[in-house]
Amino acid sequence: MTPKRVAQLRTYTQFKNYCEAVGANLPVDELAVFGDASPLAKPYVYRDYVLSNRFAVLPMEGWDGDADGAPSELTCRRWRRFGQSGAKLIWGGEAVAVRHDGRANARQLVINEATVGRIAGLREALIGAHQEKFGAGDELLIGLQLTHSGRFCRPNSAKLEPVVLYRHPLLDDKFAVDDDSLIMSDAEVERLIDDFGEAAALTQRAGFDFIDIKHCHGYLGHEFLSAVDRPGKYGGSFENRSRFLRETVERVRARAPGLDIGVRLSAVDWIPFQAGAERVGEPAPFMGGKYPFAFGGDGSGVGSDLSEPRKFLALLHALDIQLVCITIGSPYYNFHIQRPALFPPSDGYTLPEDPLVGVARQIKVTAELKASFPDLTFVGSGYSYLQDWLPQVAQATVRAGMTDFVGLGRMALSYPELPADLLAGKTLQRKRICRTFSDCTTAPRNGMVSGCYPLDAFYKSSAEHERLVAVKKAAAR
């Protein structure tokens, strides 16, 4: 399968016909509406905030912090660009570890007494850039994503130092889990909950409006939700598998009263994929009948059942958590459903479906959950692959109530000002639109800092760009 490039779909008819041909059922308007008339410019009231547009910057895992977990000047540059985007909701901006051993890489941020001041500086830099461009900054809603990377911890080097909640029949071999001592005990989970509480207190001190208790992409919070055969109070039943969330929320509210809480959730997961014939991605073989380790899965490994995700959202509602960001899958073991892209990362597999199908899947899941919980505030993911057609699809989903906000991740690296340009009625800068080359994934996985190497001149002119080119050439052999 060779997907057609989105940039080649220049007319509405071409885009619609191609989506139908590949089975991507996407809502799309024929014309992008610019300026104040756009559905994306309709204000949204969230608690005491009036957010003047429907764009959000999604949290991303940075690979450019200092060794001690503090942000570097490169991190600050990204956050200033987030401020220049025009988006009023900054969902986390960054995945920040609550302690050193929970870092996904040795340059990920960590929040503690030594780093909190400089992390506060990220927020100040973002607001300053926003004020400089738009004349105001007090209307922003800015959060910080708090995380422990669990199975994917690399706190000191490129070497995996995993911590898991249960032995997984497929992921253990792939991610160097070969000893039961790597399983967190209940007592260790309780200490981690304390760490989240302390991190939340520091986040509040740093001036952020909310935290995201991360439950997505196979990291530790998400792994609790699939711990169906873990014994004890944090595994087995849904009540036990959601206990980490409940107890963490309780600890956060005790340590940081008044700090708002959101959750980014992988609402659907699939079985891990692997490279098959001609390196095309295919489900890894599982000999145990129904595959039970995919939260939101239907047991087949490649389908969905939203029964438990709905129970999870009902729990959020009962806990007075209104902010929900929906994603699916994991970048580590089924990247094509989580981050649809034309070009896979260097350690990935060839696409088993057109990426537009992956975008449509994420939009559909978000819409179904929004319909079930209209009072929750939803942020959707997966929009960057739409490229030139992002405005037409985004406005259609917001106008139809399929999501409240459109989240931008990779697009915020290559073209952070896209929301501002669209809402100001400017023609979009096509040469800056993310074309999903996946260099922002390939580079960090090979020891380079995070950034958009193809389209951001700052990174394209760097010495690391030459290293990246060499890595990609070697992978293509």
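Here are some questions and answers on the fold of this chain, which comes from a predicted model.

Q: What radius of gyration does the chain have, and which value would a compact globule have?
A: The C-alpha trace spans about 55 × 50 × 50 Å along its principal axes. For 477 residues, a compact globule would come out near 23 Å, and the chain agrees with that, so the pair of values is 21 Å for the chain and near 23 Å for the globule.

Q: What share of the residues in the chain is buried?
A: Start with the outside: the chain exposes about 17700 Å², with carbon and sulfur atoms supplying 51% of it. A residue goes down as buried when its relative accessible area is under 20%. Over the 477 residues, the buried share is 61%.

Q: Among contacts between residues at least 6 apart in sequence, what share joins residues at least 24 apart?
A: The chain has 17 helices and 13 strands. Taking contacts between residues at least 6 apart in sequence, the share that joins residues at least 24 apart is 71%.

Q: Which residues touch the most other members of the largest nonpolar core?
A: This core holds 121 residues, and the ones touching the most other members are Phe15, Leu26 and Leu356. Its largest share, eight residues, comes from helix 11. Apart from it lies another core of 13 residues, including Ala56, Leu58, Leu141 and Phe210. Back in the largest core, the names asked for are Phe15, Leu26 and Leu356.

Q: Which residues does Leu26 touch, not counting those up to four places away in sequence?
A: As a general point, nonpolar side chains tend to be buried together in soluble globular proteins. Leaving out residues up to four places away, the list for Leu26 is Phe15, Lys16, Cys19, Leu356, Val359, Ala360, Ile363, Leu386 and Val393.

Q: How many of the residues of helix 12 are buried, and what covers them?
A: Helix 12 runs over residues 390-399 and is mostly covered, with nine of its 10 residues buried. Those are Leu390, Pro391, Gln392, Val393, Ala394, Gln395, Ala396, Thr397 and Val398. Just after the helix, Gly401 takes a positive phi of about 75 degrees. So much for the count of nine; the cover includes helix 1, strand 3, helix 11, strand 13, helix 13 and helix 14.

Q: Which strands pair with strand 8, and over how many bridges?
A: Strand 8 (residues 260-268) has nine of its nine residues buried. On the strand 7 side, Asp212 stands opposite Gly262, while Arg264 stands opposite Cys325 in strand 11. Both pairings are in the parallel sense: strand 7 (residues 210-213) over three bridges, and strand 11 (residues 323-328) over six bridges.

Q: What phi does Arg47 have, and where is Arg47 found?
A: Most residues other than glycine have a negative phi. Arg47 is not a glycine, yet its phi is positive. Arg47 is partly exposed, with a relative accessible area of 34%. Its phi is about 50 degrees, and Arg47 is found in the loop between strand 1 and strand 2.

Q: Is Asp320 buried, exposed or partly exposed, and what is its relative accessible area?
A: Asp320 lies in the loop between helix 9 (307-318) and strand 11, and it has a positive phi of about 60 degrees although it is not a glycine. Partly exposed sits between the 20% and 50% cut-offs. Asp320 therefore counts as partly exposed, at 46%.

Q: Which residue makes a polar contact of 2.7 Å with the side chain of His336?
A: His336 sits in helix 10 (residues 335-338), and it counts as buried because its relative accessibility is 4%. Beyond its neighbours within four places in sequence, His336 is in contact with Trp270, Phe273, Tyr349, Leu351, Pro352 and Glu353. The polar contact of 2.7 Å joins the side chain of His336 to that of Tyr349.

Q: How far apart in space are Val163 and His148, C-alpha to C-alpha?
A: Val163 lies in the loop between strand 6 and helix 4, and at 18% relative accessibility Val163 counts as buried. Its contacts, leaving aside neighbours within four places in sequence, are His148, Gly150, Arg151, Leu182, Met184 and Leu220. Val163 and His148 are 15 residues apart in sequence, and in space the C-alpha to C-alpha separation is 9.3 Å.

Definitions and conventions. Residues are numbered from 1 along each chain as its sequence is written. This is a predicted model: local features need pLDDT of at least 70, side-chain atom pairs count only at pLDDT 80 or more; totals for chains, interfaces and linings use all residues. Side-chain values use heavy atoms; hydrogens and water are left out. Buried means under 20% relative accessible area, exposed over 50%, partly exposed in between (1.4 Å probe, protein chains only). Helices (H or I, at least four residues) and strands (E, at least two) are DSSP runs, numbered from the N terminus. Contact means heavy atoms within 4.5 Å. Two strands pair if DSSP finds at least two bridges between them. A polar contact is a pair of N or O atoms within 3.5 Å; within protein, one must be able to donate a hydrogen and the other to accept it, and residues adjacent in sequence count only if both atoms are side-chain atoms. A nonpolar core is a set of buried Ala, Val, Leu, Ile, Met, Phe, Trp, Tyr and Cys residues joined through side-chain atoms within 4.5 Å. The radius of gyration is taken over C-alpha atoms; the globule rule is 2.2 Å times the number of residues to the power 0.38. Accessible areas come from the Shrake-Rupley method with a 1.4 Å probe; for residues, only the protein chains shown count as cover.
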